[in-house]
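This report introduces the ligand sites of one protein to a reader who has not met the structure before. The sequence and the model follow.

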Amino acid sequence: MSRYETELEVALDAVRAAAHVCRSVQARLVTAETLEKKDKSPVTVADFASQAIVCQRLAERLPDDAVVGEEDSAELRADDQAALRAAVAREVGDQAPGPVDEDTVLGWIDRGGAAADGDRYWTVDPIDGTKGFLRGEQYAVALGLIENGRVVLGVLGCPNLEGGLLVSAVRGEGAQEHDLEGGGAARALRVASVATTAEARFCESVESAHSDQSESAQIAQRLGITQEPFRIDSQCKYAAVGRGDASIYLRMPTRKDYREKIWDHAAGMIVVEEAGGRVTDVFGRDLDFSRGRTLDENRGIVATSGAIHDEVVAAVRAVRGE
Ligand code: AMP
Ligand code: MG
């Protein structure tokens with residue numbers, strides 16, 4: 001039995017429900033027209049609805065737990081956002097036993113406004129990879145539990161990965177993959193064991209603003225990797241490493257002042273670690289989740305299937321001139 005049986009059950013249920021909302025919004029609202037106009041409104045609706053649903057599920061089952069969410073309701077409360085509020089309430093209502101009013105939904109979203117400073121809190125990215133969502137491609141719903149500055153549990157919903165799946169992990173208890181719909185048995189998740197880095201497939205952001213792709217190309221070359229990078233948005237990259245679809249995830253800083261956000265990495269990191277891999281920053285340092293909303297003491301990310309980690313970090317450092 002898991003030490004976090006209730007937490008895992010609640011987190012899986014919350015991410016499943018949020019993923020359904022995201023999926024339904026992406027299917028209905030991301031159209032050729034919104035793509036063409038670079039209209040961000042579909043992701044805005046899904047983002048708020050997803051955070052509301054995750055916070056509602058946590059509030060119902062674990063009412064004393066704090067939640068650090070990426071979103072707050074300020075934009076949604078503005079006088080000129082009545083249509084957006086109504087749209088979000090409608091989407092949330094579709095996942096609830098009955099209709100819900102706008103104030104209730106705003107209240108749920110605001111439950112995600114806790115400070116990242118207690119002994120125990122959840123962190124949620126209601127839609128990680130918003131650019132991927134808007135392109136009709138990959139995105140994730142990410143939920144992690146942090147206790148005393150350490151990630152102890154994580155669930156990632158990946159609605160477009162391999163037809164839709166969830167991955168989860170509990171510290172010390174391994175990682176698992178689940179059907180998005182539920183029902184089927186969970187499957188143990190293991191990284192792929194590559195003997196040499198040359199065999200490794202690496203993944204990185206689609207968005208070159210989020211990760212320096214010319215640097216990663218130099219690192220790949222140094223490691224003898226000839227395969228093209230696997231570019232996907234969101235923490236689906238961590239899921240790809242955890243499942244063995246890739247063996248390396250590189251996130252190379254593009255700006256000196258950027259600090260990675262805890263909700264962009266908590267769930268993904270623990271999934272890779274519990275699947276047998278390793279996760280550090282570009283200096284090879286452990287990720288420090290005790291610093292509040294950002295990974296203040298870290299820069300970039302290197303995640304691997306494990307055995308090759310030191311070699312990959314050495315290549316990263318050499319290319320960065322350290
Ligand atoms: P990805 O889908 O992996 O490209 O990452 C999406 C995440 O990148 C978003 O959730 C943002 O929080 C984050 N992000 C935004 N700007 C930057 C940046 N300059 N460097 C790294 N990550 C960023
Ligand atoms: Mg994100």
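The model is predicted. A nitrogen atom of ligand 1 lies 3.4 Å from a polar backbone atom of alanine 209. Two side chains also make polar contacts with ligand 1, in each case with an oxygen atom of the ligand: those of serine 205 and lysine 237. The table sets out these contacts.

| Residue | Part of the residue | Atom of ligand 1 | Distance |
|---|---|---|---|
| Serine 205 | polar side-chain atom | oxygen | 2.7 Å |
| Alanine 209 | polar backbone atom | nitrogen | 3.4 Å |
| Lysine 237 | N or O atom of the side chain | oxygen | 2.5 Å |

On its own, ligand 1 has 510 Å² of accessible area, and the protein covers 85% of this. Ligand 1 sits in the largest pocket. It is surrounded by 15 residues, of which Ser205, His210, Ser234, Lys237 and Asp264 are the closest. By character, this shell consists of eight charged, five polar and two nonpolar residues.

Asp264 is also a donor to the magnesium ion, ligand 2, together with Asp125 and Asp128; these protein donors, each through OD, lie 2.0 to 2.3 Å from the ion. Along the chain, the donors follow the spacing D-x2-D-x135-D. Aspartate 125 belongs to strand S2 (residues 120-128), whereas aspartate 264 lies in the loop between strand S10 (248-251) and helix H10 (266-274), so the pair ties together parts that are 139 residues apart in sequence.

Methods: Residues are numbered from 1 along each chain as its sequence is written. Chains are lettered from A and ligands numbered from 1 in the order in which they are written. This is a predicted model: local features need pLDDT of at least 70, side-chain atom pairs count only at pLDDT 80 or more; totals for chains, interfaces and linings use all residues. Side-chain values use heavy atoms; hydrogens and water are left out. A residue is near a molecule or strand if one of its heavy atoms lies within 4 Å of it. A polar contact is a pair of N or O atoms within 3.5 Å; within protein, one must be able to donate a hydrogen and the other to accept it, and residues adjacent in sequence count only if both atoms are side-chain atoms. Accessible areas come from the Shrake-Rupley method with a 1.4 Å probe; for residues, only the protein chains shown count as cover. On a 1 Å grid over the protein atoms alone, a cavity is a set of points where a 1.4 Å probe fits but cannot get out, and a pocket is an open set with protein on both sides within 12 Å along at least five of seven lines; lining residues have an atom within 4 Å of a point. A molecule sits in a cavity or pocket if more than half of its atoms lie within 2 Å of its grid points. Ala, Val, Leu, Ile, Met, Phe, Trp, Tyr, Cys and Pro count as nonpolar, Asp, Glu, Lys and Arg as charged, and the others, Gly among them, as polar. Donors are N, O and S atoms within 2.8 Å of the metal (3.2 Å for Na, K and Ca); water is not among the atoms, so sites may look incomplete. Helices (H or I, at least four residues) and strands (E, at least two) are DSSP runs, numbered from the N terminus.
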